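The exercises below are meant to be worked with the sequence and the coordinates at hand. Each one sets a task, and a stepwise solution follows.

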Amino acid sequence: MMASTWVSDVSADTPFSLANIPFGIISSAADPAPHAAIAIGSYALDLKLLSSHASFTNVFPALENHTEIFSKPTLNEFAALGRPVHREVRKTIQDLLSTETTHPEILKDNAELRERALIHRRDVRKHLPMSIGDYTDFYAGFHHAYAVGAMFRGPQTALQPNYTHLPVGYHGRSSSIVVSGTPIQRPHGQIIIDPTAEPKQPTTAPSRRLDMELELGCFISTPNAMGSSIKVTDAEDHIFGYVLLNDWSARDIQTWEYVPLGPFNGKNFATTISPWVVLADALEPFRTKGLDNWTPLQEYLNEGKEANVFDIELQVDLQTPEGDATTICTTSSKYLIWSFPQMIAHHSLGGCPMRPGDLLGSGTISGPSMREKGSLLELSEGGKKDVMLYGMDVRRFLKDGDTITIQGTCGSPGARVGFGECVGRIMSAMQL
């Protein structure tokens, strides 16, 4: 049973319980320079201030040679220390915040440091947690891949021949990854207004079919050398943690441009991630079996275990410009046919060097039922049907002023592990 915490305002339903301890980068009025923190209940614990305590290295011996690590503007250096260090640091923080802490003199009974280091989360600004050198988006959500394939190619050829043999992915654009709360501007691109016309005649205009995609993101911690690969059985040791991810998609731009080289401007204008990185260890209790893959795997993709994905309860809300909110999707992260270790093993198979801070996206996560579809493309059946919202409003794709909020949690009351919110509001396209 998870210990209780002495920190006030930690409700039973908070995603940031003592069982979680997610890491992020914050700034505050007292310290405007971005630096590390963890989330606990309604508070952020300032790790930069905590590391100023005279006994810091005694309590955190793994950080003896890294006393400035929580003063850095990203978590990259901390991530690069590896999973055993992440595990030890997380356990120590859990102890410091527990009612029966073995070091009450550090925080619990230290009023001066406690009042400075515990800051209400509404009073901090959250930043991108990592410096993201590279971003790869996969297509591991089986139900999404099948539904979209069937929509455009029919059910008999919904999945490409390679789909169950390898984790399909493409290289995204890291420069347009933004933290939750950042406004998202509707992109311009080439679109086909009349798809029946021949020959096809594109028009340059703002996207008319702007969509969201519900995904899980995975951050790399420790690197591999160029020319070497990461074994699927070792890949867990290269994972720092996870975030919620919204891979905004301009479907009309994407449809015209993606042949033959894949997504480009229809995807590269924005990707939103949640600000708190849930460490890999925090999600271990929620492992479950992924979707069955009926195809015999190449040996380098064989994990040798069934419980290779997580059962995270996911929810997507759409709020209109008038302020009315509707839950348009509830599903689970278990609906993946490929795990992140398999994605990492395939990504590095040819010797591609993975680096601390690299981000992998799962691909759109959808379940088998209509209420579990993780994109408006699926919910509207390709833009053919209205998605009903509160107050008899409808959507097929996103309008200016719409706000998408993604949430994800697992665990029982009092010991919930979650990500907080991944939020983005659509702004009008800029004038060309």
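**Exercise 1.** Decide whether cysteine 218 counts as buried or exposed, and establish how far its sulfur is from the closest cysteine sulfur.

*Solution.* The model is a predicted one, and the first step is to look at the accessibility of the residue: cysteine 218 has 0% relative accessibility and therefore counts as buried. The second step turns to the sulfur atom, for which the closest cysteine sulfur is that of cysteine 352, at 14 Å. Since a disulfide requires the two sulfur atoms to lie within 2.5 Å, that distance is too far for a bond. Cysteine 410 is likewise in no disulfide, its nearest cysteine sulfur being that of cysteine 218, 15 Å away. The last step is the count by this rule, which comes to zero disulfides.

**Exercise 2.** Place cysteine 410 in its surroundings: is it buried or exposed, and which residue stands opposite it in S26?

*Solution.* Begin again with accessibility, where a value of 3% means that cysteine 410 counts as buried, the cut-off being under 20%. Next, consider the pairing of strand S25 (residues 403–410) with strand S26 (residues 417–427): the two run antiparallel and are joined by seven bridges. In S26, valine 417 is the residue opposite cysteine 410. Finally, widen the view to the open sheet, in which five strands follow the order S9-S26-S25-S20-S21 with mixed pairing. Strand S9 (184–185) and strand S21 (325–332) stand at its edges, and because each has a single partner strand, one side of each is left without a neighbour in the sheet.

**Exercise 3.** Describe how strand S1 (residues 23–28) is enclosed, and identify the bridge partners of isoleucine 26 in S2 and of isoleucine 25 in S5.

*Solution.* The first step is to examine burial along the strand: six of the six residues of S1 are buried, so the strand is largely enclosed by the rest of the structure. The second step separates the two directions, for Phe23, Ile25 and Ser27 point one way while Gly24, Ile26 and Ser28 point the other, and all are buried. In a regular strand, side chains alternate between the two faces of the sheet. The third step follows the pairing with strand S2 (residues 35–40), which runs antiparallel to S1 and is joined to it by four bridges; a hairpin of six residues connects S1 to S2, and isoleucine 26 has histidine 35 as its bridge partner in S2. The fourth step considers strand S5 (residues 124–127), also antiparallel to S1 and joined to it by four bridges, where histidine 127 is the bridge partner of isoleucine 25.

Definitions and conventions. Residues numbered from 1 in each chain as written. Predicted model: local features only at pLDDT ≥ 70, side-chain atom pairs only at ≥ 80, totals over all residues. Heavy atoms only, no water. Buried < 20%, exposed > 50% of the residue type's maximum accessible area, 1.4 Å probe, protein only. Pairing = 2+ DSSP bridges.
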